[in-house]
Amino acid sequence: MYLEIITPEKKVFEGEVRIIQLPGSLGSFEIMNNHAPIISTLMEGTIKIVDNSNAETFFEISGGVVESTDNKIIVLVEAG
Amino acid sequence: MANLKEIRTRISSVKSTRQITSAMKMVAAAKLRKSQDSIVQMRPYATKLQEILSNLSESLDSKEDNKYAQQRPADKVLLILITSNKGLCGGFNSNILKKTDSLLKDKYKDQFKKGNVSFIAIGKKAVEYLKRTQKNMISSHNELLEESSFNNVAQLADSIMKRFVNKTFDKVEIVYNEFKNAANQNTCSEQFLPIEVKSEEGSKINHDYIFEPSKEYIVNELIPKSLKVQIFKAILDSIASEHGARMTAMHQATDNATELLKDLQLDYNKARQAAITNEILEIVSGAEALKG
């Protein structure tokens, strides 16, 4: 699935990923392949990305929102 | 005919002026590219946010309940003026000030008479103007132009939004130069608060979204974000416009200097030739006198 992480200042991540873990307002959750369409707000915390080669990347955020449809995920964040 | 030395000094001074203006033009062009980039960088965030928001608010009827969308009679008005810190950029700043004046004379005539119009200045030129005309300036944020990070802008936006919610102001407007292209800026005033509800036709929710925690919560989270983005965009636009305006102004100044230089050079050559002719004439007539 395709992930984009965008801050107001720049695009910080773009690419294929396997799993993404997000700090949602109701608690942390993960999106994997073929997740149902979702829009959720995010709290302060860490985004964890696992890509196809199982390498992990982390981003600190102070809040944001995620939209996911048809295996295309867009995360709008304010960098922490 | 002006004397040779005088013209020579003028030529060299015009030359060095031209060097300065063309250097300033180059600097402005480089900065323009940079600030254009940051506008482009911000665009995906802004469009996506707007997309989600309009998707959501379509299916909500409670738009009017939002504290940022409250329509009140506009008794107390706040104008945010975005100018530049530096001069030498043509009509860039004076356009903003003119626009402000016309707003005060026209749209906010009554509020202004009662002294209910306040100002927030971004940029030294706006500060100078407000001080000179003794208007009610509540704060100035010149540093935002030098270091326009989203977080700094968000802080300002937060404080303005707070003032709107607790009814210190009923209406907030931004006056700034919208960036069209390097040669064109459009001086405009844009309503910031209350939010103007834009109903977009044809936007449909084609997905059955899960909303977490709830639609209302998400909308209420996103509206302040989009307001912050709006100010951020205005500031970035204004910065790019400033460099564009300066580039154009300096380009013109360089052209003018070149023109002037050409005329002076012509004058100089004429004067020199006249002096030579004079000298020859003197020598010839001197020789003539000796003969006779």
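# Exercises on a two-chain model

Helix α4 (residues 124–132) of chain B lies across β1, β2 (117–122) and β3 of chain B, and runs at about 145° to β2(B). Such angles run from 0 to 180 degrees between N-to-C directions, with axes as lines fitted to C-alpha atoms, for helices over the stretch in contact. Helices (H or I, at least four residues) and strands (E, at least two) are DSSP runs, numbered from the N terminus.

The model is predicted: local features need pLDDT of at least 70 and side-chain atom pairs count only at pLDDT 80 or more, while totals for chains, interfaces and linings use all residues. Residues are numbered from 1 along each chain as its sequence is written, and chains are lettered from A and ligands numbered from 1 in the order in which they are written.

## Exercise 1. The sheet of chain B

State the order of the strands in the open sheet of chain B, and identify its edge strands.

*Solution.*
- Step 1. The order of the five strands is β3-β2-β1-β4-β5, and their pairing is mixed. Two strands pair if DSSP finds at least two bridges between them.
- Step 2. β3 (137–140) and β5 (184–193) of chain B each pair on one side only, and are the edge strands.
- Step 3. From one strand to the next, the twist averages 20°.
- Step 4. Within this chain, five bridges join strand β1 (residues 77–82) to strand β4 (residues 171–181) in the parallel sense. Here B:Leu81 stands opposite B:Val175 in β4(B).
- Step 5. A helix is then added to the picture: α7(B) lies across β1, β2, β4 and β5 of chain B, at about 45° to β4(B).

## Exercise 2. Two crossing helices

Describe how helix α6 (residues 150–165) of chain B crosses α7(B).

*Solution.*
- Step 1. The two axes come within 9 Å and cross at roughly 120°.
- Step 2. α6(B) is therefore oblique to α7(B): angles under 35 degrees count as roughly parallel, over 145 as roughly antiparallel, 65 to 115 as roughly perpendicular and the rest as oblique.
- Step 3. The residues that make the contact include B:Phe150, B:Val153 and B:Met161 of α6(B), and B:Leu227, B:Lys228 and B:Ile235 of α7(B). Two residues are in contact if their C-beta atoms, placed from the backbone, lie within 7 Å.
- Step 4. Sorted by class, this contact has 11 nonpolar, no polar and one charged residues. Ala, Val, Leu, Ile, Met, Phe, Trp, Tyr, Cys and Pro count as nonpolar, Asp, Glu, Lys and Arg as charged, and the others, Gly among them, as polar.

## Exercise 3. Where the chains meet

Determine how many residues of each chain are in contact, and which elements of chain B take part.

*Solution.*
- Step 1. In chain B, 22 residues are in contact with 20 residues of chain A.
- Step 2. On the side of chain B that touches chain A, α1 (4–58), β6 (210–212) and α7 (215–291) of chain B each supply at least two residues. α1(B) gives the most, with seven residues.
- Step 3. This side of chain B divides into 15 nonpolar, three polar and four charged residues.
- Step 4. Strand β5 (residues 38–42) of chain A runs parallel to β6(B), and three bridges join them. A:Ile39 stands opposite B:Phe211 in β6(B).

## Exercise 4. Strands of chain A

Name the strands of chain A that β3(A) pairs with over three and five bridges.

*Solution.*
- Step 1. Strand β3 (residues 19–24) and strand β6 (residues 45–50) of chain A share three bridges in the antiparallel sense, with A:Gln21 opposite A:Lys48 in β6(A).
- Step 2. β3(A) is also antiparallel to strand β4 (residues 27–31) of chain A, over five bridges. A:Gly24 stands opposite A:Gly27 in β4(A).
- Step 3. A hairpin through two residues joins β3(A) to β4(A).

## Exercise 5. Unusual backbone and exposure

Most residues other than glycine have a negative phi, and most peptide bonds are trans. Find where B:Leu88 and A:Asn54 lie, and decide whether each is buried or exposed.

*Solution.*
- Step 1. B:Leu88 has a positive phi of about 55° and is in the loop between β1 and α2 (92–105) of chain B.
- Step 2. B:Leu88 is partly exposed because 14 other C-beta atoms lie within 10 Å. A residue is buried with 20 or more such atoms within 10 Å, exposed with 12 or fewer, and partly exposed in between, C-beta atoms being placed from the backbone.
- Step 3. A:Asn54, with phi near 65°, lies in the loop between β6 and β7 (56–69) of chain A. A:Asn54 is exposed because 8 other C-beta atoms lie within 10 Å.
- Step 4. Cis peptide bonds are found from B:Leu193 to B:Pro194, with omega near -10°, and between B:Glu212 and B:Pro213, with omega about -5°.
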